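Work through the exercises below with the sequence and the model side by side. Try each task before reading its solution.

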Amino acid sequence: VPQVPLVTEEMVELYRELSGHPVLSTASLGPDVTTQYGGKYCSLSTEWLQRDLARAENIRFCRQYLIFHDGASITYSGPTGTCSEIKGELLSQESPSRALKAVLRKVSSKEKKEKQFLEVWDQSRKVKSIDLTALDKHGSIYDDDEFGCLAWSHSETHLLYVAEKKRPKAESFFQRKELRVSDEDMEQPKKEDEPLKGEQFVYHEDWGEMLSTRSVPVLCVLDIEGSSISVLEGIPDHLSPGQAFWCPDDTGVVFVGWWHEPFRLGLRHCTNRRSALFYVDLTGGSCELLSEDTKAVWSPRLSPDNCRIVYLENDAMGPHQQCSRLRMYDWYTEETSTVLEVVPRQVWGAFPGIYSMLPGLCWAADSRRIVLDTVQRSQQDVFVVDTVTGATTCLTADAPQGCWSVLTIDQNILVASFSTPSCPPALKVAMLPEAGQEAQVRWVCLQDASPVPNISWGIRTLQPPPEQENPQYAGLDFDAILLRPSEGPAAQKPPLVVMPHGGPHSVFTAGWMLYPAALCRLGFAVLLVNYRGSLGFGQDSVASLPGNVGTQDVRDVQLCVERVLQEEPLDASRVALVGGSHGGFLACHLLGQFPDTYHVCVVRNPVVNIASMVGTTDIPDWCLTETGLPYAPGALPDPAQWTEMLHKSPMRYVDQVRAPVLLLLGEDDRRVPPKQGLEYYRALKARGVPTRLLWYPGNSHALAGIEAEADGFMNIALWLSKHLR
């Protein structure tokens, strides 16, 4: 039996080591306790995610901390006890008084069928356990970030959540009926739940990638005392509700409603879907519009004094990710104001714009300020926003550069995660200073993380040459993050791995990323390119790319590669491309447009032919929008538009490709269906290009399954090593 090469064993151990670093998921603070000496402390419960390669799953575990403070600053903090794994929890939420906690749990029955239970815990025991599956009032509860919620009423007597609408049973036309034994039985009326004939194979639309079991969401209320469930009525049939919470007096529910006519489009990572904020009255069943109905609305958050709701607003359609407006609705005056407008261009020292959802708890104790994190070019920072004046202050301006993420804020105790490309996430806490003194914030480290050795990194800014400027958006620049080995022989002149991000409207932030860190430890320099069109640079940068994919973004990456090869001690004879989704689109473009620069390539679920993708993806609007064409649900592309989509696709340049290509495809990918990768694979094989394809069942667009992720890394590392000898 041939021995596994030592280099492979080293790769396995390296991946095992680096993949074991946990990342912070959520945090919640307990109530303040006053000691006999007048001091105050509170508990902090955190949830972390960690890859378990032996079990081939992501595990969740919790760790507790104590935070002592004097109301103005943290005086002492530290962990209590050891970590413990969390099993079966889908959602959890503490009540407003923090005396109770609701948990949605999945449990496998003796028949190995999955059941869902809603549990209520007090500070000493489980006080309620309700078998939602047995009650059969609805389908599975939603635990996703798009629709899902678990909200306590202010009275702490009811729980609100989102679930799939109960679907009538169906049976074959040829299903035999049970024999009726008497004339009396024959005269009994038809039962409500009697199966419908001919409905077995009716197609039910869903919300696309990662939401294939989400079709018709309904809002449900659990009466805790009576253990009874009611499905809310009054929501218009053309809306799909989610992200719901109780109105201030518990007489109704506020929710985001998405239009799903004439058909549903993919919702995950698509903050441009037409939606609005609504209120449904629990007594009369009336439904009232609270926001504009021509925009895209998401992430509503109610203030602690129950007077104001802040939410994010985007233009409907257009790019899937954009710079958002921060809007505020006053519950009692029923007036809506704009707190922060869309930012055209990022300027250091000014607010960069909002590009991601608000933290679940984001309000300061004064019910006037909110805290959020947002990308600022290639880093992520924490800001406090005065919702009355619109004034903003960066709370991490004097802190280390990297990726800061807000986990929660409660009674002005702020909890955040911080990481860099060479350091896994650490847990940080701070007291939010009084208004006007926010710049004096002091961060305290509760759980540090050791930097990974032999990785140095930096951010560089690039300006396109005049001939590559976008005349409509002149003066835009872009960034790249370069990781490189800092010690040993590999640091002298390492090979370069070029990684453009997907989206295209997303961004690499200077935070912890497993693949780039692991490749750097193996001796590769890694270039993460935030080309024009990335988030964090202002809305002008986002708007500059649609209609210019395949040219502007490709030239940005190529300019960055050429500049780095000129200015850094890197081996220009060993340059690789690694990209997924739109990053794979760019990698395939670069392979064909600049075949002399690149020597090997890896693509994960790449877009290779926009024209053939438009009829199979869950986001057909993306294909037209990014090509620069108008999208309408009922419109069919004409021959000129089909030609334009193909013209902007990497398949156009396949005849020029010479470098070996490894493809990694997810069988269940709804966003970029695997037939895209197969189309490229066959074209390369027909042209004699060395090609290998890995097919991952049970994996969708992100290839995020633990086995697929680990196997993918090993195959990528071996493919690069083999072809960059």
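A residue is called buried when its relative accessible area is under 20%, exposed when it is over 50%, and partly exposed in between, using a 1.4 Å probe and protein chains only. Strands (E, at least two residues) and helices (H or I, at least four) are DSSP runs numbered from the N terminus, and two strands pair if DSSP finds at least two bridges between them. The model is predicted, with local features needing pLDDT of at least 70 and side-chain atom pairs counted only at pLDDT 80 or more, while totals for chains, interfaces and linings use all residues. Residues are numbered from 1 along each chain as its sequence is written, and side-chain values use heavy atoms, with hydrogens and water left out.

**Exercise 1.** Determine whether the residues of strand β28 are buried or exposed, and find the strands that pair with β28.

Solution. Begin with β28 (residues 413-420), where 8 of 8 residues are buried. Next, separate the two faces: Ile 413, Val 415, Ser 417 and Ser 419 point one way, whereas Leu 414, Ala 416, Phe 418 and Thr 420 point the other way. Then turn to β27 (residues 403-410), which pairs with β28 in the antiparallel sense over 7 bridges, with Ile 409 of β27 having Leu 414 as its bridge partner. The two strands form a hairpin with 2 residues between them, and Gln 411 in that turn has a positive phi of about 50°. Finally, β28 pairs with β29 (residues 423-431), again antiparallel and over 7 bridges; here the bridge partner of Ser 417 is Leu 427, and this hairpin also has 2 residues between its strands.

**Exercise 2.** Work out which strands stand at the edges of the sheet that contains β17 and β18.

Solution. First write down the order, β16-β17-β18-β19, for this open sheet of 4 strands with antiparallel pairing. β16 (239-246) and β19 (287-289) each have a single partner strand, so one side of each is left without a neighbour in the sheet. Inside the sheet, 7 bridges join β17 (residues 252-259) to β18 (residues 275-281), and one of the bridge pairs is Val 253 with Val 280.

**Exercise 3.** Describe the surroundings of Gly 139.

Solution. Locate Gly 139 in the loop between α2 (132-135) and β10 (150-152). At 27% relative accessibility, Gly 139 counts as partly exposed. Taking contact as heavy atoms within 4.5 Å, and not counting residues up to four places away in sequence, Gly 139 touches Ala 163, Glu 164, Lys 165 and Lys 166.
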